[in-house]
Amino acid sequence: EHLALWGGRFTSGPSPELARLSKSTQFDWRLADDDIAGSRAHARALGRAGLLTEDELDRMEESLDELQRRVDDGSFAPVEDDEDEATALERGLLEIAGDELGGKLRAGRSRNDQIACLIRMWLRRHSRVIAGQLLSLANALIVQSERAGRTVMPGRTHMQHAQPVLLAHQLMAHVWPLLRDVQRLVDWDKRVDASPYGSGALAGNTLGLDPEAVAHELGFSRVTTNSIDGTASRDLVAEFAFVAAMAGVDISRLSEEIIIWNTQEFAFVKLDDGYSTGSSIMPQKKNPDIAELARGKSGRLIGDLTGLLATLKGLPTAYARDLQEDKEAVFDQVDTLEVLLPAFTGMVATMRFDSERLEAEAPTGFALATDIAEWLVRNGVPFRHAHELSGACVKIAEGRGQELWDLTDADFVDVFKDFLPADKAPKVRAVLSSHGSVSARNGKGGTAYDRVVEQIGEAKSAIMPL
Ligand code: ARG
């Protein structure tokens, strides 16, 4: 059977060791539907070029339909001797259409332009699925943000209490990267929207086939403009792999946050039982496994991208068999994300925040020190001094094991004495609340409630056209 594809100049078929190495049906069979669709379009191109009679084209299309049925119901599948999905499907077509007619379909195409086209078709379809799943996750975060309302929480930099923020603002900070990932997929789709069919092995085809018509039938709006580039480039596959890896990283960062918030020490959030796991030995355990798996799988998504880039580096620019290695990388990414995202979104949609605890923690750790400094600035103190004075307040409070609002009027009068009159100094208390602190940050993009409401509206309208 090996001789079916390249018998002429060979005296023997491939050695068993070669066949085993060369074989790819175990992973590329998932391209079978796209391959059959390509074959249908190609058959019509052959018909239009006068290389198949009307009757032959009819019988070819019927045979391809029958082949598709057999693939669907599993009665046709690759066997040991089939090298790749294209080899297997060719065997299937010959079985159905006979050698004479079936043998005509290969004219004017190569597995090189075929496979380059199929991976684009397959990825485009799955990129839409993944984009939809990413939008569902973004939506779950938006719903949580709306539910969070005016709840404040400790905002952190370096993981240290920094300034209070709205819980909604923190959650929305995870929405924007996800929307950019979706936007990246949308942009990518415009670049990948070109069919390599017609590029042949590398140089184009001599048979007067119309690649535009094939492209349109396969859902592409145009044809690649250089047949070598069409068959040899995989930058678009790598670009998809980057977006998949980036989405994994974005989800991993949210995971890390959820895992920390879910610890006993933080106790900011509780995960739903349906989205948590227990321990086989410790009866009390309730573990955030979904977030941990997401964090872990981001490593493998990155690995798929770097493996692919390493494969492409140094390849001469026309088809080489190395290019077969592009597929498992992105198949793995797609399989990983398509299973991960629904579980992750379920966890996010059902998690419950402890608003009382978030509110209580928000102003602690001297998180209002910046507000003191900025109050001093509004009262005419140069920021450099204001920073020092507020720092002095922190020092006193820390020394006494207190918070800033525990300082007495006399403390403030004393610390501010070189800059403010004694009747003015204690008025600083007005800024010593996390809600005041949050609503004061009302510039565009700030954490003030009205700004966050505005932000949620912007996110929703960004989602609509996607
Ligand atoms: N299975 C190959 C791939 O996935 C396509 C076949 C091209 N083979 C060849 N010897 N030109 O890239």
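**Domains, ligand shell and a helix pair in a predicted model**

Student: Which residues does UniProt give for the feature "domain: Argininosuccinate lyase C-terminal"?
Tutor: The structure is a predicted model. The feature comes from an unreviewed UniProt entry. Its span is 55% helix and 0% strand, and its end C-alpha atoms lie 15 Å apart. UniProt places the feature at residues 366-438.

Student: How far apart are the end C-alpha atoms of residues 13-303?
Tutor: UniProt, in an unreviewed entry, places "domain: Fumarate lyase N-terminal" at these residues, 13-303. The span is 64% helix and 7% strand. Its end C-alpha atoms lie apart by 36 Å.

Student: Which helix gives the most to the shell around the ligand?
Tutor: The residues surrounding the ligand include Asp-84, Arg-111, Asn-112, Ile-115 and Tyr-319. One helix, covering residues 111-148, supplies three residues of the shell. That helix is H7.

Student: How many residues of the shell around the ligand are charged?
Tutor: Among the residues around the ligand are Ser-24, Asp-28, Arg-321, Leu-323 and Gln-324. The shell has three nonpolar residues and three polar ones. The number of charged residues is four.

Student: Where does the ligand lie with respect to domain 1 and domain 2?
Tutor: Domain 1 covers 3-107 and domain 2 covers 112-360. Both give residues to the shell around the ligand, so the ligand lies between domain 1 and domain 2.

Student: Are H4 and H7 parallel or oblique to each other?
Tutor: The axes of H4 (residues 32-48) and H7 come within 9 Å. They cross at roughly 120°, and H4 passes H7 in a right-handed crossing. The two helices, H4 and H7, are therefore oblique.

Note on methods
Residues numbered from 1 in each chain as written. Predicted model: local features only at pLDDT ≥ 70, side-chain atom pairs only at ≥ 80, totals over all residues. UniProt positions renumbered as here; feature names shortened; annotations may be inferred. Helix = DSSP H or I, 4+ residues; strand = E, 2+ residues; numbered from the N terminus. Near = placed C-beta within 6 Å. Nonpolar A, V, L, I, M, F, W, Y, C, P; charged D, E, K, R; others polar. Domains from an automatic or database assignment. Axes fitted to C-alpha atoms, helices over the stretch in contact; angles between N-to-C directions. Parallel < 35°, antiparallel > 145°, perpendicular 65-115°, else oblique. Left-handed = near helix turned anticlockwise from the far one by under 90°.
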